[in-house]
Every structure is written in structure tokens, then in C-alpha cells.
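Colleague: Please show me how to read a model like this one, feature by feature.

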Amino acid sequence: MEKRVWSAGALNHLVECRFQFLAIRLWKAAEKEAPQRGLSWREEGERIHEILCRFFHEYRRGRWTFADEERALARLEQLADEVLRDEERERDPFYLMIDKFRIKQKLLSIWKHEKEWRRKTGFYAAPAHLELSFGLPVCKEDVETGRLDPASRPEPVTLVLGGKRKVRLQGKMDRIDRDEEGYYAIYDYKTGTVPTIEQIGQGRSLQLPLYLWVYQQGFGQDPALAIGSAYYVKGNGGNAAANQRNKGLWRKEETGRVGLNPRKSLDPDDWRKTEENIQRLIDQSLSKAEQGDFAVSPTWDCPRFCPARHICRVDAWILSKKRGTR
Ligand code: SF4
């Protein structure tokens, strides 16, 4: 297991249910996505990531500013058209028209939120990193066109968790904002459902803490300067300044720096305990896998759409638990 290069998703599968990891990641027995007439959720997410990455890369280059909102919004829409143009050859035009409309609505919602929190904080620095990858090939053309961060590195990052457990990791961080004092926040754009703050704190969604540690241990950032690591969601039309980045791990004393006052942020003691608990959970799951234990034994409730459900016989497992034969 020490030699394996993990993605956050694979580690998540292992921690969630070792059988799920075995079935999906080792046997490759996941149910295939049904063919789509429009974009799948995964494809939609990928296109939104690309549009936002290129949009903020242009902000970094001074191509638009928050002072000229009309021009910025027009450029965002133009980028969406450019990115989605390639789909026109292969998709049902009717479905694609609906997909385009939905994607633009999500982008507009993110844009509104972005304007509002920046106005509130007076923080107008461009993101420090966009699509910062590690352990994945670094394509020169992608770097030049702003699709990949120049600080990306092809070798995986080796994390040391709990002072002893080594985990090699690959992945890509969507966006990292950093203020002039060096305080940083890591964001993962999500256009679908995201876990609750409680679930994130329990370790049910490892990407946020893992990417925080990757940035610290693999890219030399001071843990004391972390503000947090969170999902950046499309929002639900509520309080735009507050509700689109609060789902994550936030350090209570620093959230004002990013214009947030999340309902649940962590004081220093809770922050330390949360990190320790998540690291322990990863270590325990890896130890069991090293012993060949890939039992059907979900750590929490089974996810609603588990791609290995068709083969795991979880219902038999639940029954045996009820009968006390397990
Ligand atoms: S449905 Fe539950 S028990 Fe079955 S593989 Fe998925 S997480 Fe594991």
C-alpha cells in the first residue's frame, strides 16, 4: 500500500467501505454510466472547471477586472460558449441547449457570489493557483493556455499522516487563494451535491483535508497560515455572500479573511482533533487493507448510489448484523 499512488477518490472509497474499494478500484467492477444524450454530471463538472480556470487565469493576466463587471460577465459567457462549442458535433442539439443553459446559470451564480464576497472583504488578488496538479503528467501546452498551474509537479506528493503513515497522492487542486500575508484557502468547485459540514469533519469526504495537507507537505506551505479548505458550490439563491463556500473545514479565527462566517468553523482545539481523527481513520483503513481485509463493512451508511452495490450483497450483511451472527 505504501507504493501505491492514491487519488483522493480512491482513498475515499477505501475509508467508506473496503469492499467498495476492492470492487471499484481493483476489480474495476463498477456499473458503467448509461449513455447520455446530453452531458453527464461528470462532464458538466469538467466543463465548468475548465471555464472557471480559464476565466480566472485571464483575471490573473489583467484581461478583465471586477471594476468592469459587464465586460467580465461577457467574457465568462464567451468562454462558456468556446468550451462548449466542441460538444456540438457529438450531442443531441436539444439536450445540449438545456445543458448550456444550466451551465451558464451555475456560472452566473458563482460570478455573483464572487463579486459579493470580494466587495465585502476588499480582497481582489487573483487566485494564487488554478488547477494545481501533482503526480499527473504536466503538459506544456496546458500550462501556456492557463488550463494547468505552472507550479504543477509530475511526481506524487508523499504525505506523512499521524507522524508515521506514508501515503503517496496524485490529484489536482481547483483553486487556491492567498492573501498578502500568506494565508491561504483551498477550493474545490462542485456543481452537484456536497457532503454536510459534519460529514466532512468525520472524514467522509477526504479530498478537502488531503489537499490541505498536500499543499502544506508537498508545496511547502505553513500549516499555521491555513484558513481552510472547502467546496465552492453553485449556491441555492439564498445569501450569496455566505452560502457558497461554507461547506468545508474552516479555522474559526481566520474565516473573516475570506468574507465568511460559517455556522460551523473550528477553534484551534477542534481543528487539531479533526485532523488527527481523519488521519487515524485513513491509517486504520490502510492497515486493514494491508492485512487483506476487504470486508463488506461500510464505515457509515452506504452511499445512495454506490457503483458496487450490485455485487456486494450488503443486504445479507445488514441481515447478519441484525441477527447478531456477525
Ligand atoms: S453498497 Fe455499501 S456495502 Fe456495498 S459496496 Fe457500497 S458501501 Fe460497501
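**Reading the model**

Colleague: Does Lys28 count as buried or exposed?

Modeller: Lys28 counts as exposed because 7 C-beta neighbours lie inside 10 Å. The test is a count of other C-beta atoms within 10 Å of a residue's own: 20 or more is buried, 12 or fewer is exposed, and in between is partly exposed, with C-beta atoms placed from the backbone. Keep in mind that this is a predicted model: local features need pLDDT of at least 70, side-chain atom pairs count only at pLDDT 80 or more, and totals for chains, interfaces and linings use all residues. Residue numbers start from 1 along each chain as its sequence is written.

Colleague: What is notable about the phi of Lys28?

Modeller: First the general idea. Most residues other than glycine have a negative phi. Lys28 is not a glycine, yet its phi is positive, about 55°. It sits in the loop between α2 and α3. Helices here are DSSP runs of H or I with at least four residues, strands are runs of E with at least two, and both are numbered from the N terminus.

Colleague: Which residue in strand β2 also has a positive phi without being glycine?

Modeller: Glu131, with phi near 50°. Its place is in strand β2. Glu131 is buried because 22 other C-beta atoms lie within 10 Å. Six of the six residues of β2 are buried, so the strand is largely enclosed by the rest of the structure.

Colleague: How do I read the pairing of β2?

Modeller: Strands of a sheet pair through backbone hydrogen bonds, either parallel or antiparallel. Two strands count as paired if DSSP finds at least two bridges between them. β2 and β5 run antiparallel and are joined by five bridges. Leu130 stands opposite Arg175, and Ser133 opposite Lys172.

Colleague: What else does β5 join?

Modeller: β6, also antiparallel, through four bridges. Ile176 faces Ile186 across that pair. β5 and β6 make a hairpin with five residues between them, and Gly182 in the turn has a positive phi of about 95°. β5 is mostly covered, with six of its eight residues buried.

Colleague: What is the strand order in the open sheet of three strands?

Modeller: The order is β1-β4-β3, with mixed pairing. β1 (5-6) and β3 (157-161) are the edge strands, each pairing on one side only. β1 pairs with β4 (residues 165-169) in the parallel sense over two bridges. There, Trp6 stands opposite Leu169.

Colleague: Now helices. How far does α3 reach?

Modeller: α3 (residues 41-60) has 20 residues and reaches 28 Å from first C-alpha to last, close to the 28 Å expected. The expected span is 1.5 Å times one less than the number of residues. Its buried residues include Ile48, Leu52 and Phe56. They pack against α4, α5, β2, β5 and β6. Packing here rests on contacts: C-beta atoms, placed from the backbone, within 7 Å. Just after α3, Gly62 has a positive phi of about 80°.

Colleague: Why is α8 described as largely enclosed?

Modeller: Nine of the 11 residues of α8 (residues 207-217) are buried, so the rest of the structure largely encloses it. Among them are Leu208, Tyr211 and Trp213.

Colleague: Which residues surround the ligand?

Modeller: The shell takes residues whose C-beta atom, placed from the backbone, lies within 6 Å of the molecule. Among them are Glu16, Cys17, Cys302, Cys306, Arg309 and Cys312. α2 (18-26) and α10 (309-312) each give two or more residues to the shell. The shell divides into nine nonpolar, one polar and two charged residues. Ala, Val, Leu, Ile, Met, Phe, Trp, Tyr, Cys and Pro count as nonpolar, Asp, Glu, Lys and Arg as charged, and the others, Gly among them, as polar.

Colleague: Last, how does the chain look as a whole?

Modeller: The chain has 11 helices and eight strands. Its radius of gyration is 21 Å, close to the 20 Å of the globule rule for 326 residues, so the chain is as compact as a globular protein of that length. That radius is taken over C-alpha atoms, and the rule is 2.2 Å times the number of residues to the power 0.38. Of the 326 residues, 34% count as buried.

Notes: Contact = placed C-beta atoms within 7 Å.
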